[in-house]
Each structure stands twice: as structure tokens, then as C-alpha cells.
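Here's a short set of exercises to work through with the model open. Try each task before reading its solution.

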Amino acid sequence: MLAALLAAGAIFYLAYERYERHAVAEARRTLPGRLANQELHIGQPVFLRIFKQEAVLELWMRNDKGWRLFQSYPICRFSGGLGPKLKTGDRQAPEGFYQVAAAQLNPNSRHHLSFNLGFPNAFDRAHGRTGSYLMVHGGCSSIGCYAMTDPAVDDIYRLVAAALRNGQTRVDVHAFPFRMTPANMASHGRSRWIDFWRDLKPAYDLFEKGRRVPAVELVDRRYVVKG
């Protein structure tokens with residue numbers, strides 16, 4: 001019985017691997033066409049927004065008409081709950097404002113492809129938060145990262161890498177607990193993290209209203225949006 005179960009598991013795993021390889025190949029083949037349908041192309045600037053509660057990663061790109069949403073990708077899995085990452089081993093995915101440079105790309109990831117979010121950033125360090133190798137990656141398992149599946153991360157990684165090669169020095173990644181609407185803020189008003197989230201909200205609002213990626217600075221250990 002055990003041998004039969006192991007054999008069935010092996011067959012399932014191989015079938016899943018074949019499916020993933022096919023899906024990745026198909027995504028690569030169709031990406032230029034999907035971009036062209038929205039008057040976009042590989043190499044244009046990229047901006048990412050992550051929403052935990054909605055389990056969505058948005059990929060925005062900028063053409064001569066401004067920022068436009070290319071695609072919203074379901075997050076397959078993130079670990080922990082709403083709220084920031086505090087320390088190594090807490091299995092919590094980070095929230096806040098991060099940037100990805102070329103050195104943070106990992107084309108040889110054991111999770112197909114990945115890039116490091118840059119945790120801890122200056123804000124995290126100012127609050128004594130610890131952790132490392134917090135990624136956006138392929139697959140569907142997480143101990144603090146955002147797992148996107150292989151086909152999704154193939155799109156995301158390819159567009160981030162192309163933007164960096166084409167002159168964008170860093171790709172901004174804004175990781176929010178939820179869409180920061182008045183209703184959501186009110187429903188989470190008793191959370192221990194509500195003051196932290198109120199500091200994230202101006203950046204969310206600025207992009208929502210004006211489609212401008214805000215400059216965010218650290219002032220007195222708090223995030224401050226400079227416009």
C-alpha cells in the first residue's frame with residue numbers, strides 16, 4: 001500500500017511539473033502580445049503593489065500616457081497575517097515600502113525565479129526588526145515570502161528585470177495589509193497596527209488619486225510621503 005501511494009505521489013508530482021513547465025512556456029510566448037494589447041512593451045518602467053487581505057499583486061507599467069495596470073496576479077500563498085514582519089523566524093510577510101535593484105534578482109532560485117524585497121529597509125532597522133531573504137518567488141509555499149506560482153512570477157520577474165536593464169534604477173514595491181479604503185481602515189480600526197497603517201495610507205491615496213508613485217522617506221522613525 002505504501003509503495004502504491006508513493007508511486008501515485010511521484011506520478012502526480014511529475015504531472016504537476018510538466019504542467020508548470022507548459023504554463024511558464026505559454027506565459028513567455030504570449031507576454032509580448034498581452035502587453036501590446038494595452039499599448040505596453042517589455043522594458044518600460046514597473047511598479048508593484050501587494051495587498052495581503054485581497055491576496056493580489058498588481059503590476060503597473062508606465063508608457064507615454066502614464067501608469068497603467070498591466071495585470072493583477074493572485075498571490076498563491078503568503079505566511080502570517082495582517083501586520084508587518086517583526087523578527088527572524090516569525091513567518092510573517094512584510095508590509096511597507098521596498099525597492100528592488102538589479103542585484104536583488106535571483107534567476108537561479110529554488111523557487112523558479114525570485115527577487116529580494118530588501119527587508120529590512122531603513123524603517124524596519126529603525127524599529128529593530130530582523131529577517132532576511134524575504135522574496136517574491138515562484139511556487140506556492142511561504143515562510144515569510146510572497147509565493148506567486150511559476151507562471152505568474154515568470155511574467156513579474158521578466159518585466160522587473162527588463163525595466164532594470166532598460167534604465168530604471170529601482171522598482172518600487174508597496175506592500176499593504178489591504179486596500180486602504182475608508183471602509184477597510186474603519187473595519188481594522190482596533191488593530192494594534194492601525195497607527196502604522198495610517199502612515200502607509202498617504203502613499204496608497206496619492207497613487208490612487210493621481211497615478212504618481214510617491215517618494216517615501218523615513219522621518220523620526222515613521223514613513224512620510226514626500227510626493
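A contact here means heavy atoms within 4.5 Å. This is a predicted model, where local features need pLDDT of at least 70 and side-chain atom pairs count only at pLDDT 80 or more, while totals for chains, interfaces and linings use all residues. Residues are numbered from 1 along each chain as its sequence is written, and side-chain values use heavy atoms, with hydrogens and water left out.

**Exercise 1. Find out what leucine 48 touches, and place this residue in the largest nonpolar core.**

Step 1: Skip residues up to four places away in sequence, and leucine 48 touches Leu57, Glu58, Leu59, Phe115, Ile156, Val160, Val171, Asp172, Val173 and His174.

Step 2: Now the core, meaning a set of buried Ala, Val, Leu, Ile, Met, Phe, Trp, Tyr and Cys residues joined through side-chain atoms within 4.5 Å. Buried is under 20% relative accessible area, exposed is over 50%, and partly exposed is in between (1.4 Å probe, protein chains only). The largest core has 36 residues, and Leu48 and Val160 touch the most other members.

Step 3: Elements come next; helices (H or I, at least four residues) and strands (E, at least two) are DSSP runs, numbered from the N terminus. Those giving two or more residues to this core are α1 (2-36), β1 (46-51), β2, β3, β5 (96-100), α3 (150-165) and β10 (171-176). The top contributor is α3, with nine residues.

Step 4: Don't stop there: a second, separate core of 15 residues includes Phe97, Trp193, Ile194 and Tyr204.

**Exercise 2. Work out the strand order in the open sheet of five strands, then look at the β2/β3 hairpin.**

Step 1: Strands pair if DSSP finds at least two bridges between them. Reading across the sheet gives β4-β9-β8-β7-β6, with mixed pairing.

Step 2: At the edges sit β4 (77-78) and β6 (105-106), each pairing on one side only.

Step 3: Check the β4 end: two bridges join β4 to β9 (residues 146-147), and the two run antiparallel. Arginine 77 has alanine 147 as its bridge partner in β9.

Step 4: Over to β2 (residues 56-63) and β3 (residues 66-74), an antiparallel pair with eight bridges. Tryptophan 60 is partnered by leucine 69 in β3, and the hairpin gets from β2 to β3 through two residues.

**Exercise 3. Track down the disulfide and say which way it twists.**

Step 1: Look for cysteine sulfur atoms within 2.5 Å of each other, the cut-off for a disulfide. Searching the whole structure turns up one: cysteine 76 with cysteine 140, sulfurs 1.7 Å apart.

Step 2: The S-S torsion is about -85°, so this disulfide is left-handed.

Step 3: Cysteine 76 lies in the loop between β3 and β4 and cysteine 140 in the loop between β8 and β9, so the pair links distant parts of the chain, 64 residues apart.

Step 4: Cysteine 76 is partly exposed at 32% relative accessible area, and cysteine 140 is partly exposed too, at 29%. Cysteine 145, at 8%, counts as buried.

**Exercise 4. Locate serine 132 and decide whether it is buried, partly exposed or exposed.**

Step 1: Go to the loop between α2 (122-126) and β8 (135-137), where serine 132 is found.

Step 2: Its relative accessible area is 46%, so serine 132 is partly exposed.

Step 3: For a spatial reference, take glycine 89: C-alpha to C-alpha, serine 132 is 9.7 Å away, with their positions 43 residues apart in sequence numbering.
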